[in-house]
Amino acid sequence: MINTNEKIYIVRCGEVALKGQNKPYFERMLVQRIKKILNRAEDEALKSNLGKVSVERNDGLIFVRTPLDVSEAEILKRVGRVFGVESISPAKEIAIENMTADEVIDEVGHVAAETMLGIIESKHIKTFKIEGKRADKMFPVESPMIAKRIGAYVLKGCKVLSVDVHNPEAILHVNIRRNFAYVYEQKILAFGGLPLGTNGKGLVLLSGGIDSPVATFLMAHRGMYMEAMHFHSYPYTSERAFEKVKDLASILTTYCGRIRMHSVNLLPIQEAIVKNCPEEETTILVRRFMMRISERIAKANDCMMLITGESLGQVASQTAESLVVTDSTVSMPVMRPLIAMDKVDIMDIAKEIGTFDTSIQPYEDCCTVFLPKHPVTKPRLERILESESKLDVEALVDAAVASEEIVVINSRD
């Protein structure tokens, strides 16, 4: 008997399914994350029905069940943004407990034919294919024969259709499990990756540009909770520039959840460097201070690593020599998820996740303040250390860390 009392969504775990003995842990984290996302609903029907929405895992799949009046689009949008979810399928559920194999095929066949009639009406298709699967290996009909027998029901009920196993206009999936069978057409792709929180926490250096928000997204996609480090040079950089960065963080919370942003004024350090050090070394020296300060704050907040949006060779501070000199200031690992990516590819991701239009707003960040005309592109560590010897490095770092302000950006979705 088909379940007509609620909507059912099959959620697939993708990479999580490859985790061997750790798989239950990853699945539990994924279920928790889906529940959390649904609990932040703005959709009125979903809000009023949250107590009736269930999320449960069963033999490698996750099932989301909602009342009939909850928007399918809302569920697909919210669950599709959960890292760790590979795909989602709105499905029809048929109870098959205590049925014989022939009774199961008959019941599922009629549901499949009815479902296909709806697809014909909406998409005007002429060819189809059945993908059969028996998740319950005790079921006596094997997968290819399930497809063949269900296909016969569809052909009988939908006279305009013919079978095309190579290039069908529609594929109908039939999944027979222990006590239930499922019929669905769509496999709506999500972001995949790993559930948030399964890979610790990192601190990303978040500017107002295109790259660092994408780096944040990619590391969260691998299961890492994110905190953000932002440097400004007020009053040389405006309050609106800081608002822009907070806007970017707000967009990222759609995927990453709440973000704590640590804000530090870098201007006293920049002024000391400009006054005491060679002009062409300004960029690399400032970058080294940013890393020192970020490491101090990361350790104080239990972050395992620093993350930047640097791409090899993109600007003077991102040449191979510059990155080596920059990293020599810290003992903490520095992750650069964009390191080998082209700018066009980075921009494409920024557009996909919704940060691009905000990133290109014309507000200066601290990296453009006191920018040298001819920055050194192949710095030598011994010369940089010589320049830093003219500065009270520890005092400058201490003062910067002491001025830290924390802004909590709560999830917008």
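In this predicted model, tyrosine 255 has a relative accessibility of 7% and therefore counts as buried, the limit being under 20%. Its ring meets that of phenylalanine 83 in a stacked aromatic pair, with 6.3 Å from centre to centre and 20° between the planes. Tyrosine 255 belongs to helix 7 (residues 239–256) and phenylalanine 83 to the loop between helix 3 and strand 4, so the pair ties together parts of the chain that are 172 residues apart in sequence. Phenylalanine 83 is likewise buried, at a relative accessible area of 2%.

Phenylalanine 83 has a further aromatic partner in phenylalanine 217. Here the ring centres are 5.3 Å apart and the planes stand at 75°, so this pair is edge-to-face. The contact again links distant parts of the chain: phenylalanine 83 lies in the loop between helix 3 (72–80) and strand 4, whereas phenylalanine 217 sits in helix 6 (residues 211–221), 134 residues away. Both phenylalanine residues of this pair are buried. Taken together with Phe191, the residues Phe83, Phe217 and Tyr255 make up one aromatic cluster. The count of aromatic pairs in the model comes to eight.

Rings also meet charges in this model. The charged end of arginine 292 is placed over the ring of phenylalanine 289, at 5.1 Å from the ring centre. In another such contact, lysine 351 lies over the face of phenylalanine 356, with 4.9 Å to the centre of the ring.

Turning to the strands, six of them form an open sheet with mixed pairing, in the order 14-13-10-11-12-15. The edges are taken by strand 14 (334–335) and strand 15 (405–409), each of which pairs on one side only. Within this sheet, strand 11 (residues 225–232) runs parallel to strand 12 (residues 259–265), and five bridges join the two. Histidine 230 is found opposite serine 263 of strand 12. As background for reading such a sheet, side chains in a regular strand alternate between its two faces.

A hairpin offers a contrasting pairing sense. Strand 2 (residues 54–58) and strand 3 (residues 61–66) are antiparallel and share five bridges. Valine 55 has valine 64 in strand 3 as its bridge partner. Two residues separate the strands of this hairpin, and aspartate 59 in the turn adopts a positive phi of about 50°.

Other backbone details of interest occur in loops. Histidine 124 has a positive phi of about 55° although it is not a glycine, and its place is the loop between helix 4 (101–123) and strand 5 (127–134). With a relative accessibility of 60%, histidine 124 counts as exposed. Aspartate 302 is also a non-glycine residue with a positive phi, about 60°. This aspartate 302 falls in the loop between helix 9 (282–300) and strand 13 (305–307), and a relative accessible area of 62% makes it exposed. A cis peptide bond leads from tyrosine 234 to proline 235, with omega near 10°. Proline 235 is located in the loop between strand 11 and helix 7.

Next comes the question of empty space, which is found by rolling a probe the size of a water molecule over the atoms. The second largest pocket has a volume of about 400 Å³. Its lining consists of 18 residues, and those nearest the centre are Ile8, Glu72, Pro90, Ala91 and Lys92. Strand 1 (7–12), strand 4 (87–95) and strand 8 (180–184) are the elements that give two or more residues to this lining. Strand 4 provides the largest share, with four residues. By residue class, the lining of the second largest pocket holds eight nonpolar, four polar and six charged residues.

Two partly exposed positions complete the description. Serine 207 lies in the loop between strand 10 (201–205) and helix 6 and is partly exposed, with a relative accessible area of 23%. Its C-alpha atom is 32 Å from that of glycine 14, and the two residues are 193 residues apart along the chain. Aspartate 398 is part of helix 14 (residues 393–402) and counts as partly exposed at 38% relative accessibility. Between the C-alpha atoms of aspartate 398 and methionine 332 the separation is 18 Å, with these positions 66 residues apart in chain numbering.

Note on methods: Residues numbered from 1 in each chain as written. Predicted model: local features only at pLDDT ≥ 70, side-chain atom pairs only at ≥ 80, totals over all residues. Heavy atoms only, no water. Pairing = 2+ DSSP bridges. 1 Å grid on protein atoms, 1.4 Å probe; cavity = no way out; pocket = protein on both sides within 12 Å on 5 of 7 lines; lining within 4 Å. Points joined across faces, edges and corners; volume = space filled by probe spheres on them. Nonpolar A, V, L, I, M, F, W, Y, C, P; charged D, E, K, R; others polar. Phe/Tyr/Trp six-rings, centres within 6.5 Å; stacked < 30°, edge-to-face > 60°. Buried < 20%, exposed > 50% of the residue type's maximum accessible area, 1.4 Å probe, protein only. Lys NZ or Arg CZ within 6 Å of the ring centre and 35° of its normal.
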